[in-house]
Structures are given as C-alpha cells and as structure tokens.
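Thanks, everyone. I have one structure to show today, and I will keep it brisk.

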Amino acid sequence: MTTTTPEPTATVAPPIADATLRAALSSTARPPRPSGLAASTAFAWRALLKIKHVPMQLFDVSAFPIMFVLLFTYLFGGALAGSTGDYLQQLLPAIVVMNVSFITMYTGMAINSDIHKGVFDRFRSLPIWRPAVLVGMLMADSLRYLMAAVVMLVVGIVLGFRPDGGPIGVVAAVGMLLVFAFSLSWVWTAMGLRLKTPESVMQMSMTVLFPLTFASNVFVDPDTMPGWVQAFVANNPITHVATASRELMHGAVDSPALLWVLGWSLGLVLVFAPLTMRAYHAER
Amino acid sequence: MEPDGTLAIETHGLKKHFGETKAVDGVDLRVRAGTVYGVLGPNGAGKTTTIRMLATLIDPTEGSATVLGHDVVARADAVRSSVSLTGQFASVDEELTGHENLVLLGLLLGFRRKDAGVRADELLEAFGLAEASDRLVSTYSGGMRRRLDIAASIVVTPDLLFLDEPTTGLDPRSRNQVWDIVRVLVAAGTTVLLTTQYLEEADQLADRIAIIDHGRIIAEGTSAELKASVGAGVLRVCVGDAARRAEAADLVATVLGVPVELESDPAALSARGADPERVPGALTALSAAGVVVTEFALAPPSLDEVFLALTGHAADTTDTTDPDAGEVAGGAPQEDAA
C-alpha cells in the first residue's frame, strides 16, 4: 500500500476519495477514435518505453553487429579479397543486410512473450484499428534495425569502408533495408503468434534465417559454388537485398536487384500480414 | 425475473466449447442498465469465458449476446466503443509505469498526448496512486495493480464495465477500496458486470446475482432471494464441557428442527440450514439447561453451502471434469484448449 497509516482497516478512510473519484469520472467526454497511424504510434511508444526501462535490450543491435563486422572482415578479408580493406568495400553493405535480417527474429520472440499478458485482453477490447498493436511494435523495431545499421556503418567507416555512392547512396540503401526488414518481420510475427514459446520461435526463425543469410552472396561470390547452390543463392531474397545494398552504397545501380527487393517486400507483407492478423484474431 | 428498463446485456443460449470441454453451456443473462450484476461461481465455472465473449475477445460457439443493444459478433466494434474490461489477471503493462500505462490507454482512446497526461494524473490522484505514478507496475502491490487496472478501464467512462474477479487475492483493505470504487462508478451511472467467487462480494455489490456452475446458470435472483433459497447457513456451538456436547446437540436439534453434526473438535457441534428466527431459542434452551457455551455463531451461507443446496455437490475446484479449470492458471489459458 502507498500509505503507512497504521489504523485498522474497518474504519480508516481509504485513499480513494469519493469526491476526487466522482470528479475524475465526470470530467471526460470520449474523444474521437484515434486514426490507425495514431494508434500504431502509441504502440510504438509503448515498445520504446520498454527499451527505456530495460536498455540491455539494445545489446543485440549494438554489440553483436560490431562483432560481426570485425570478425568477418579480419577472418575472411585477407583470404578472400587479398586485403581486409578491399573485402570491407564488398562485405559491409551486405553484412548490414545479413545482420538486420537476423535481428528481425527478435520481433517474433518479443510478440510471443508479450501476447499472453493480460494487457493484450485490454488492447483487444479497445475500439482501435486492430493491426495497430503489431504495426506499432514493428515501427519501434524498425528503429532498432536502424540502430544496428548505423552502428555497423560507423564501425565500417572507421575500419576504412568508403562508399562510392556517398551519403545519399548509404541513406538509400539503409532505407531499402528497413523496408525489407519491416516486411520480413511479418513472417516472425505470424510465427510468434502461432508457436507456444519464445524458444520455439527462435528455433524456427534460426532454421529459416541461417540458410537464407549464409547461402547468399553476402560473404563470397557464388561463382565457385556448385550449380544447385548457385541456383538457391541467385533466388534468395537476401542475395537481392545484399546486391541492391552494394549497388546503392557504391552508386552503381545496374541490375534489377532493387526491383526484386521491392517485390519480395510487397509479397512478404501481402502474405504474412494477413496470416499474422488471423493468428492475432484467433489468439483467444 | 422481471427486469424493467433498458437491458445492458442480454444473452440467449450462449455457449462456448473448446473442443470437448463445454466452458459455457447455454447461458441466458438479462442485465438491466445502471445496475451491478454479479456472476458467482467457483473456478472453472465459466465466468471468465462468459465475460470474454461479452467483451468481444472470443466468439460464442452458439447462441447470441447483445451488449448495449449491439450484437457482440456482428457489431463487435460498437460494443468495444462503450465497454471496458478489467481482466482477472491485471490487464496493465507491468513493464511500464502507472502513469505510462494510463497515458497509453488515453492515446489509444483518442486523446492528444497532453490531454492523456492530464487525465492520467487525475486518475492516479483519484485512485491514491499519485506517489507511485512513476514506478514500474511490476513493483506495485496486488491492491495497487487492481486500482490501476480499474483506473485504466475508466480513462473514458464506459457505459458498461466488466470486472473479472476484481478482488481475488486482495487483502481485506484493498478489497474494501475496490468495492468503494465500484459503488462510486455505479452511482455515476455505469453498469457493472462482475464475476466473483465470494458470496459476500456479490452480496455487498450486486443488485442481482447469477450462480454459475459447469457453464450453466443454476440460480438467479437478488441476494435476499438466493439466501432464502439456501437457508440461513450454519449455527456453530462450542460447549465449555465436552462431556455435555451430546446433551447440547439434542437441545439444539429439538429447538431448530434440523439435524446436528458433531464436529471433530470434541466440544463443537454445528447445525446446517438453521432458521434464524429459531436460533435465539436454542441459546435460551442451552442456558436454561445450564450448558456453558463458549461459542455461539450463526454464519451466513458460504458459497459452498449455496452450491451444496443448489446442486447437491460441493463447489469443488479440483474437479477434473471441470470445463475451464484453467481459469486459475493464467491470463488466457483457454487458448491452449482451443
């Protein structure tokens, strides 16, 4: 209890003052319903508050990306491209893609552990645009994706990454990556709502993400791979995103990769957003 | 049951089955606007499932329900616009502060940021939570969470408030505070549907009470009507000299005209279904016979006794055939069965 008054319970005046309570009850008219965007933004704010209260959550978008850039640059650089500096020019635009794609996985885990809490009953009983809960979460997650991308870019530039496309190219590449990551996240939200535990969500998404990110052109040129692997790599969306990211950052857009990325993004949202919403609706 | 005035809730043959389990199995409710309606029953009786259907969280398997004139399935959005739900397990966000919780609700209801903040402060003040305003809810006591939960339900005053076991697990003082809040809400014109496991709570707050068991309503009426139907409860007597218990039992049985049970305590006896008007006579008889009495208590009927009287079986919460005994376990456990 908030008060420390030691009086017995029967006679003590409760801290609920009738008059204040009556005033609080009579002083509100119902405002007009919030727009879908306003409701989504409110949920994004909720997600950001949680980060504010538990900042350790940002570990996966700061420490891990730095480790990835350092490890892969110095492990593979000399062997694959002759020097770490040369390798970094090709690796960095792609490893940002790989890492941000990996981080999208946490979205599904977060939803899975969040959705069973009582507060979701309240959210569901509100007259708001129903997808707002999930869109808001994804909006906040997009900020985390952006953080990871920026952290990696800064580390890369310190190590000697020099994008030919200049700041505009880098911003365009990061923007495209965020669109793709937002779209990819819907896969995990659908999964997060269907599976029982955050652990099973992680296992499932790892199973999808490992082959997707490694069997791509992120680390090496696929030319030396066996034919069937090349076929997979060539049609892997991560390959398209990595290629488009390289092209944008280095200012040389000369393949349909960007179009592929937009197509994949649209397709992922069109398929998995409705699946997510159906799972959200069935979560009862 | 002859309700006059507008009905806030009306259900016909409402059912919710999760596979084989019949959580709610044909419930007919008529709740008049502006009243408090109590749904009384043990864990797993179907109370929470009923509330979840009425609050549009789950669709009925069969039957229909109208809330404030709107069908809960066809016009779910209209229902959501005029009701609020306080779930059995605090429907507030533990990882946010009390103030942030209420601001979030305010934003979701359409307030602008500044107005939402003002409204949050006002409610925290009214509910005695001003000092805890900037603490994470995870540090709140059970009573504080409940109050915040109810505050969150009235950021915009709802026409109808669902309170699912509002005082389960609360200490008596917090319970009294919640009761006070409910009374003020009702005085301000809100209709309240509350579920409870406690007869006393229904007695204190509800204008009418439905007793629910195994997904069905087994009795309905005012508190007085229900009490009359189950008798006056239990008279418990302890005698000063255990050797005279048998004699005392005979006297009590004769005066009250009901069977008397001898308890395991060698000095204690009890009589179920004692007519309150005859009880003073029993004390007089004991006194006239010179039997020293150390305890003489007429307890109101407990939920167990109501159940016993109405169903012939005890309100046994461990019953394995219980449709949604999972109600005790977590926020929304029925999903697993669905």
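I will take a sheet in chain B, then a loop residue, then the contact between the chains. Keep in mind that this is a predicted model.

Start with the sheet. It is open, has 6 strands, and the pairing is mixed. Reading across chain B, the order is β7-β8-β9-β4-β10-β11. Which strands stand at the edges? They are β7, residues 83-86, and β11, residues 216-221, of chain B. Each has a single partner strand, so one side of each is left without a neighbour in the sheet. On average, neighbouring strands are turned by 15° against each other, direction ignored.

Now look at the β7 edge. β7(B) pairs with β8(B), residues 160-164, in the parallel sense, over 4 bridges. Within that pair, L85(B) stands opposite F162(B).

A helix packs on this sheet: α6 of chain B, residues 172-187. The strands α6(B) touches are β4 (36-40), β8 and β9 (191-196) of chain B. The direction of α6(B) makes about 150° with that of β9(B).

Next, the loop residue. P276(B) sits between β14 (268-272) and α10 (279-288) of chain B. Is P276(B) buried or exposed? Exposed, with 12 other C-beta atoms within 10 Å. From E94(B), P276(B) is 182 residues away in sequence and 48 Å away in space, C-alpha to C-alpha.

Last, the contact. Chain A gives 40 residues and chain B gives 55 residues. On the chain A side, α1 (18-26), α2 (36-53) and α6 (119-124) each give two or more residues. The largest share, 7 residues, comes from α1(A). By class, that side of chain A has 18 nonpolar, 10 polar and 12 charged residues.

Note on methods:
Residues are numbered from 1 along each chain as its sequence is written. Chains are lettered from A and ligands numbered from 1 in the order in which they are written. This is a predicted model: local features need pLDDT of at least 70, side-chain atom pairs count only at pLDDT 80 or more; totals for chains, interfaces and linings use all residues. Two strands pair if DSSP finds at least two bridges between them. Axes are lines fitted to C-alpha atoms, for helices over the stretch in contact, and angles run from 0 to 180 degrees between N-to-C directions. Two residues are in contact if their C-beta atoms, placed from the backbone, lie within 7 Å. A residue is buried if 20 or more other C-beta atoms lie within 10 Å of its own, exposed if 12 or fewer, and partly exposed in between; C-beta atoms are placed from the backbone. Ala, Val, Leu, Ile, Met, Phe, Trp, Tyr, Cys and Pro count as nonpolar, Asp, Glu, Lys and Arg as charged, and the others, Gly among them, as polar.
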